[in-house]
Amino acid sequence: MPGEDTTALEIDREKGNFSYDIKYAYDAGTGLNEGVVDYICDVKGEDDWIRAFRKKALKIFEEKPMPTHWATKDLETINFDKIRYYLAQDKKPKRTWDEVPDDIKQTFERLGIPEQERKFLAGVEAQFDSEAAYSNIKEAVGKQGVIFMGSTEALMKHPEIFRKYFGKVIPTADNKFSALNSAVFSGGSFIYVPPGVKVSHPLQAYFRINAENFGQFERTLIIADEGAEVTYMEGCTAPKFNTSTLHSAVVELVALKGAKIEYITVQNWAANVFNLVTKRAWAEEGATVKWIDCNIGSRLTMKYPGVVLKGRGARGEVLSIALANDGQHQDTGAKMIHLAPDTTSNIISKSISVGEGRATYRGQVHIPKHLTGCKNNTECDALLINTNSRTDTYPAISVRGNKNFVQHEASVSKVSAEQIFYMMQRGLTEGEAMSLSVNGFVNDLTRQFPMEYSVELKRLIDLEMEGSVG
Amino acid sequence: MSTNGTGIAAAFEKHLASQQGAPAWWQELKKKAFAAYGALPLPTRKNETWRFASISGLSLEGYDFGATATGAVHTELADRARLVAQRAGRIVFADNQLVAHERVSDELAARGVIFAPLAEAIVKHGDILQEYFMAQDPQLGSEKFAALHTAFVTSGVLLYVPKGVEVDLPFVARTWSATQGGAVLPHTLVITGENAKVTMVDAFDSADRNSRALALGFNHIFAGRGSRIDYYVLQNWSDQTLGFQINSLTAERDATINALAVNIGCNHYRCETQSIMKGEGSHAEMLSLSIADRDQEIDQRTLQIHQAGHATSNLLFKNALADEARTIFSGLIRVAPDAQKTDAYQTNRNLLLSGDAEAHSLPGLEIEANDVKCSHGATTSQIDESELFYMLARGINRAVARELFVFGFFEEVVSKIGNEELASRVRELIQHKFREEEARHA
């Protein structure tokens, strides 16, 4: 890359890499036991059913083995006894940035959140460690009856809607990390969009880890009632500490009849973060759920957004981009569970492995008996940049019945030397040529992203590709 | 499988006694294998290599490892179905007993070609066997079954073709299961020297289509530098057979192995195929066609290991499923960090002929080198209604049209069979099975 660009971009690369010495008013201490769960319940003043739910989840978490019979052994390096499970400065989020304490406000200002909110968002929630520091929704959207608030707050204010779907899409025992989340969850977003309401601008949540040895366990539940439409975007950053940090979220989406939910993630955690997330959606008759999932950061990401296609004609889509650089393992994929006739699903996954980075695709497509007219299309493309880059693909496709159609394709390639040579002949540096090629590789996917995100993503890819050649 | 070891332990004692005349290393090998069999854990569905498999159907309880049919049955089976008229040699087993052995011509023998039953080979060619017998460990989940096979195997063939010898006619090993409740353990070991060329055909049958039996077969194919081996397995065990077939292919520099399997029989069939591209410029072709009907389960696991660069491998597994049949295809291409310029492909196609059939497909890749071309594809679909309509509109009845589709579907694999006579046999097998299926529904 040319010198002047590099300096400009260097600042951005380190954009999320800072932390403030915060005095936390609430701290559950280090390690995980029933006491920690009780502490969280007491601080939040939660009802007994939540306490019972958490304690049951803790048991399940303790009983479940690490899934290392299929997943990476790197999981074994997580020391659950050294993690802090709840840290908050205040339990209640602020409605204006002016009320947010200075150091936390500075954090989000450096990340550009208030500015983005003014520009193009319908609502923003900003979570700092365990609790939301800021939560606001534009008045017009609020008047339509849209609810957008932190999960902690929603549990208190709207238990009747929350409880109906909470833990239903992703049961506690789904996997070890969903159980962990269910035991110590805090923060995350709750969104309810009433029937027929189309939220014109995206709602955004921003997740920030500030403290060292911290575990963030947000819980997000989005419900789009019949015919409603909503787009939700989340961003994640954390400073780079020497010790590992854990982020283990559970995200449940419910798209009722004819509803549309689009969920966009740009994950740029620091390279010490274990990002072990369970995301799943229900799509009822005629509903559409689309996951757009970009994984750029973290040490290890394990995330397989899924859609359970419950009603006739429902559609599920996962568009996934993963970029794995030195010391990173992006273990991502998708799950499509077809449970109704005429349901369709589409999975497009593109991964780029740079240096010694490792990108893994895991997919599951399930079509049970006696369904007709179900279709799935899966495409996985992997690009390997350096000699020692690594990629794996592990799809599992189960089809029963003879009126369904499934296709899966995967390919692995490298950037062609001819292409690079062609561009260099026309005056591009090798780095620029490489960036251009890689951006071209993911271009057909990024074009489908909202503008701000595709620009951001292109920039992140440029940064990651820097110095990858030679 | 039996966890109550007494029955099988007694069977092993008896078996070992029958091997008293065999070389000491052979007996030692068997003892070790039997101990390993006892020590190794049973597969569970939690093992990735057994995902989706019906583990409960794998009970080895009640099979007789010492089963022998009468001499009259042997004579009949030695004659029945000669498979191909033109051949370089033939060995026939019934219930692990040698019943016919057509030796190689004097000319080939003089050039050093060995085509011998295992019992003869362990005595006369101990050096070869000690180097190659079960030399590649199974990597796809059947370690325990490999140990059991080694412990009890007596039948099987050794085909050794030395440097520079090319044999055009195929060698045939025919293995019959003849006794109700019996266990058969076919074993095939093919080794070629530099630039040699040979074709080997394994054909598995049951004397009685309704007999319940256990088949536990292994083969190891070693292609030396620049050599070529065409290897065919025609699996037509009875409908009630529990079958295992574990295949291992190893290709040295510039060697080519073409392996093709036809899977017709068994109630539950587990087939593992691993290929190792050991030398640069080597190539393995792995083709398979399976027809599964009734409540049949055909469970196929494959592994393409690219150890050396500049090598190629190509896999095409096609399954047609009728009734309530299940198939599992789980494939993995593994490219080692230094295996640059690898070209590896893997394709699984499933044709569902019934609304109750179930196809699982797990096509995987593990790539640790960047300058490679690798792809995999898996599709599961059914006969296209508009194509069917086209045929019906031209007066072709539905059953015939359906048969044509299935033939068309498989022809991509059948057309790769290098021996015309053998290709016709395969078409007959497909047709026979298909007609049976049609007749059941008529």
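# A tour of the two chains

Begin in chain B by selecting strand S13 (residues 268-277) together with S15(B): the two strands pair in the parallel sense, over ten bridges. The model on screen is predicted. For a single pair to centre on, pick B:Thr273, whose bridge partner in S15(B) is B:Thr302.

**The other neighbour of S15(B)**

Keep S15(B) selected and add strand S17 (residues 326-335) of chain B. S15(B) and S17(B) run parallel and are joined by ten bridges. A pair to label here is B:Glu297, which stands opposite B:Arg326 in S17(B).

Now colour S15(B) by burial. Ten of the ten residues in S15(B) are buried. In a regular strand, side chains alternate between the two faces of the sheet. Which residues of S15(B) are buried on each side? One side holds B:Glu297, B:Asp299, B:Arg301, B:Leu303 and B:Ile305, and the other holds B:Ile298, B:Gln300, B:Thr302, B:Gln304 and B:His306. Both faces of S15(B) are therefore covered.

**The loop before S15(B)**

Step back along the chain to B:Arg294. This residue sits in the loop between strand S14 (283-292) and strand S15 (297-306) of chain B. B:Arg294 is not a glycine, yet its phi is positive, at about 45°. Is B:Arg294 buried, partly exposed or exposed? B:Arg294 counts as partly exposed because 13 other C-beta atoms lie within 10 Å, whereas a buried residue needs 20 or more.

**A helix in chain B**

Next select helix H2 (residues 24-39) of chain B. H2(B) has 16 residues and spans 23 Å from its first C-alpha to its last, close to the 22 Å expected at 1.5 Å a residue. Show the side chains of B:Leu29, B:Lys30, B:Ala33, B:Phe34 and B:Tyr37, the buried residues of H2(B). These residues lie on the same side of H2(B) because they cover an arc of only 130° around the axis. Turn to the face directed away from that buried side, and you find the exposed residues B:Ala24, B:Glu28 and B:Ala39.

**Where the chains touch**

Show both chains and select the contact between them. Chain B gives 34 residues to this contact, and chain A gives 34 residues. On the chain B side, strand S19 (358-367) and strand S20 (373-381) each supply at least two residues. S19(B) gives the most to that side, with ten residues. Coloured by class, the side of chain B that touches chain A shows 13 nonpolar, 13 polar and eight charged residues.

Zoom in on S19(B) and add strand S23 (residues 390-400) of chain A. These two strands pair across the chains in the antiparallel sense, over seven bridges. One place to look is A:Thr391, which stands opposite B:Ile367 in S19(B).

**Three strands in chain A**

Move into chain A and select strand S20 (residues 344-353). Seven of the ten residues of S20(A) are buried, so the strand is mostly covered. Add strand S18 (residues 315-324) of chain A, which pairs with S20(A) in the parallel sense over ten bridges. Within this pairing, the bridge partner of A:Ala324 is A:Ser353 in S20(A). Then add strand S22 (residues 372-384) of chain A, which runs parallel to S20(A) and is joined to it by ten bridges. Here A:Ser349 stands opposite A:Cys380 in S22(A).

**A buried loop residue**

Select A:Ser298, in the loop between strand S15 (288-295) and strand S16 (300-303) of chain A. A:Ser298 has a positive phi of about 75°, although it is not a glycine. A:Ser298 is buried because 27 other C-beta atoms lie within 10 Å, and the cut-off is 20 or more. Beyond its neighbours within four places in sequence, A:Ser298 is in contact with A:Gln267, A:Trp269, A:Ala271, A:Val273, A:Asn275 and A:Gln328. Measure from its C-alpha to that of A:Cys236, 62 residues apart along the chain, and the separation is 10.0 Å.

**The nonpolar core**

Finish with the largest nonpolar core, which has 277 residues; A:Ile191 and A:Ala255 have the most contacts inside it. The largest share of this core, eight residues, comes from strand S9 (residues 212-223) of chain B. In soluble globular proteins, nonpolar side chains tend to be buried together. Centre the view on A:Ile191. Which residues are in contact with A:Ile191, leaving aside its neighbours within four places in sequence? They are A:Ile147, A:Phe148, A:Leu203, A:Ile222, A:Ile223, A:Val230 and A:Tyr232.

Conventions. Residues numbered from 1 in each chain as written. Chains lettered and ligands numbered in written order. Predicted model: local features only at pLDDT ≥ 70, side-chain atom pairs only at ≥ 80, totals over all residues. Core = buried A, V, L, I, M, F, W, Y, C linked by C-beta atoms within 7 Å. Buried ≥ 20, exposed ≤ 12 C-beta atoms within 10 Å, placed from the backbone. Helix = DSSP H or I, 4+ residues; strand = E, 2+ residues; numbered from the N terminus. Contact = placed C-beta atoms within 7 Å. Nonpolar A, V, L, I, M, F, W, Y, C, P; charged D, E, K, R; others polar. Pairing = 2+ DSSP bridges. Expected span 1.5 Å × (residues − 1). Arc of directions from axis to C-beta.
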